[in-house]
Each structure stands twice: as structure tokens, then as C-alpha cells.
Amino acid sequence: MDDNALAALLAYEAGRSLLEIQRAGMADRTDPRDLKDQGDRESQRMLERLLHEHRPDDAVLSEEAADDPARLLADRVWIIDPLDGTREFSEGRDDWAVHIALWTEGVLTSGAVALPRLDQVLTSTDPAQQWQPPHRLRLAVSRTRATPLVDALAKKIDADVSPMGSAGYKVAAVVRNEVDAYVHTGGQYEWDSAAPVAVARAAGLFASRIDGSPLRYNSPSPYLPDLVVCNPTLSEAVLREIKELLERGLQ
């Protein structure tokens, strides 16, 4: 099985397991905190087992496991988020995801984002799309913690705002052409964006830091605080508007 197929398999299998856990938790009225923990724990266990089975020599960076500094010397690192959007998962919502990415010698080479409630896995091998300028910009924002900069940006560009849960789900919404851009400034980690960015770039979308600088992965610190993913016809305008807001001191 090649890396792309494996990424898709990992995302699918973890998503399928999480969907069963979510449905059982909703039926049993499990405490949301316990359901979050169960989802994180069981998905991590499954992914650890599958990676050990299929790629035992590769390094792994996961939100739900201790960071092993040996990854910094590795040529191949799987960057995973076993359950992105635990709050939405625990509330029985649709907007959560599973992230699987492979970093190889400085580059994201494979990615898969499972959207289990939509019965879909987006991958970095999906065909690229032809993007056209939208008539009115649609912006995905956090449903619980949109930052002052993002709020100001939405007003500044007069965007239609779509609040959503997980980062992966928001990037997927751009890929699926449900929105035109996702801008985040509230703090993230590499596992929050690696797989979504791999998928988005393969679809022909633009992705960078909010200052336009490159997104870098497998860094000594996995903290990667901000992100822009958008229709490529909008990238210059969106970055310009963000720059003006940053100069005003908004974050």
C-alpha cells in the first residue's frame, strides 16, 4: 500500500470507529467530557496500531501522544490528529474530522481528512479544481472562539460568515467550495493543519501563515499559531486586508 492509500485508510478507519463511539455516546447520554476522552483515546490507539503495522520505521507526531524528539532526525514523519473538533464530536455534531498527513524531507507529501458524518474522506490525490473569483466572499470562522482580527476581517470585506467547528472541517469547507476562505489566528499546532493543508494545496487552493510566509512542519516546537486557506484568486486581497489589520494591532 502506498503512502497516499495508507493515509486515506487511516483516516477512514479512525473516522468509522469514532462515528460508532459518537452514536453510542449520544444514545447513552454519555457525559461530553467522557465522550471526548473516549474518542481521543480510541482513535489514537487505532492509528498507533495501524501505523506500527504498515510503517513501523516512520516517526509520528500526534496531538494525543508524547512528542518524541527523534522525529526531528527522521526523513518521514506522520503528523496526525486522531480527533479534531472534540467539542463538536461530544455534542453529536457533524463538524469534526480526522487528520492524517505525511511529512517527507521537509514537504507534506500525503494527506487525508476524514469527515465521518458526511461519509467522505478528502485526500491529496483528489483531482485539482478550477477556481473562479466568487461573487461574494464566504468566510469560515470558529463557532466558539473567533478572534478580533477574524471578526474585523469579516466586517472589512463584508463576508458571509459560516461558523464551524474543527479546523479540518473548515478547510474541507473551502475544498468543497462551501466557503471561499478560512482564516485563523487563535493558536494552533501542526496536527491541526498539516493534513488539511496537504489536501487544500492538492485541490489548487492557497495556504500560508497570515503574514504570507510558508507553513513549516516537523519543527522543534509543533506550535503553528495561524493559518490562511483560500480560493487562490483571493489570496493577494485577503493577505492585504489581514496585513492592514495586523498593523492596527489586531490579532
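**Note on cavities, pockets and helix packing**

1. By class, the residues that line the largest cavity comprise five nonpolar, four polar and one charged. The structure under review is a predicted model, and the points below should be read with that in mind.

2. The search for enclosed space gives a count of one cavity of 30 Å³ or more. The largest cavity has a volume of about 40 Å³. Its lining is formed by V141, S142, R145, A146, T147, V150, Y182, V183, H184 and T185. The elements that give two or more residues to this lining are β6 (138-142) and β8. Which element gives the most to the lining of the largest cavity? That element is β8, with three residues. The student may wish to locate the ten names above in the displayed structure, starting from Y182, V183 and H184.

3. Open space is treated separately from enclosed space. As a general matter, rolling a probe the size of a water molecule over the atoms shows where empty space is left. In this model the largest pocket holds about 400 Å³ of space. Its lining consists of 26 residues, and those that lie nearest its centre are D84, G85, R145, G165 and S166. Five elements are named as giving two or more residues to that lining: β2 (76-84), α3 (86-90), α5 (167-175), β8 (181-184) and α6 (190-202). By class, the lining of the largest pocket has six nonpolar, nine polar and eleven charged residues.

4. Some names appear in both descriptions. R145 is one of the residues nearest the centre of the largest pocket, and R145 also lines the largest cavity. Likewise, β8 gives two or more residues to the lining of the pocket and three residues to the lining of the cavity.

5. Two of the elements that line the pocket, α5 and α6, also pack against each other, at an angle of about 10° and with their axes 9 Å apart. Because angles under 35 degrees count as roughly parallel, α5 is described as roughly parallel to α6. In this contact A167, G168, V171 and V175 of α5 meet D192, P196, V199 and A200 of α6. By class, the residues involved are six nonpolar, one polar and one charged.

6. Helix α1 (residues 3-28) and helix α2 (residues 32-54) pack at an angle of about 155°, and their axes are 10 Å apart. An angle over 145 degrees counts as roughly antiparallel, and therefore α1 is roughly antiparallel to α2. The crossing of these two helices is right-handed. On the side of α1 the contact is made by L6, L9, L10, E13, A14, S17, L18, I21, G25 and M26. On the side of α2 it is made by L35, Q38, G39, E42, S43, M46, L47, L50, L51 and H54. The residues of this contact divide into twelve nonpolar, six polar and two charged.

7. How do the axes of helix α4 (residues 148-156) and helix α7 (residues 235-247) cross, and at roughly what angle? They come within 10 Å and cross at roughly 130°, which means that α4 is oblique to α7. In its crossing with α7, α4 passes in the right-handed sense. The residues in contact are L149, A152, L153 and K156 of α4, together with E241, I242, E244, L245 and L246 of α7. By class, this contact has six nonpolar, no polar and three charged residues.

Technical notes. Residues are numbered from 1 along each chain as its sequence is written. This is a predicted model: local features need pLDDT of at least 70, side-chain atom pairs count only at pLDDT 80 or more; totals for chains, interfaces and linings use all residues. Side-chain values use heavy atoms; hydrogens and water are left out. Axes are lines fitted to C-alpha atoms, for helices over the stretch in contact, and angles run from 0 to 180 degrees between N-to-C directions. Helices (H or I, at least four residues) and strands (E, at least two) are DSSP runs, numbered from the N terminus. Angles under 35 degrees count as roughly parallel, over 145 as roughly antiparallel, 65 to 115 as roughly perpendicular and the rest as oblique. A crossing is left-handed if the near helix is turned anticlockwise from the far one by less than a right angle, and right-handed if clockwise. Contact means heavy atoms within 4.5 Å. Ala, Val, Leu, Ile, Met, Phe, Trp, Tyr, Cys and Pro count as nonpolar, Asp, Glu, Lys and Arg as charged, and the others, Gly among them, as polar. On a 1 Å grid over the protein atoms alone, a cavity is a set of points where a 1.4 Å probe fits but cannot get out, and a pocket is an open set with protein on both sides within 12 Å along at least five of seven lines; lining residues have an atom within 4 Å of a point. Grid points are joined across faces, edges and corners, and a volume is the space filled by probe spheres set on the points.
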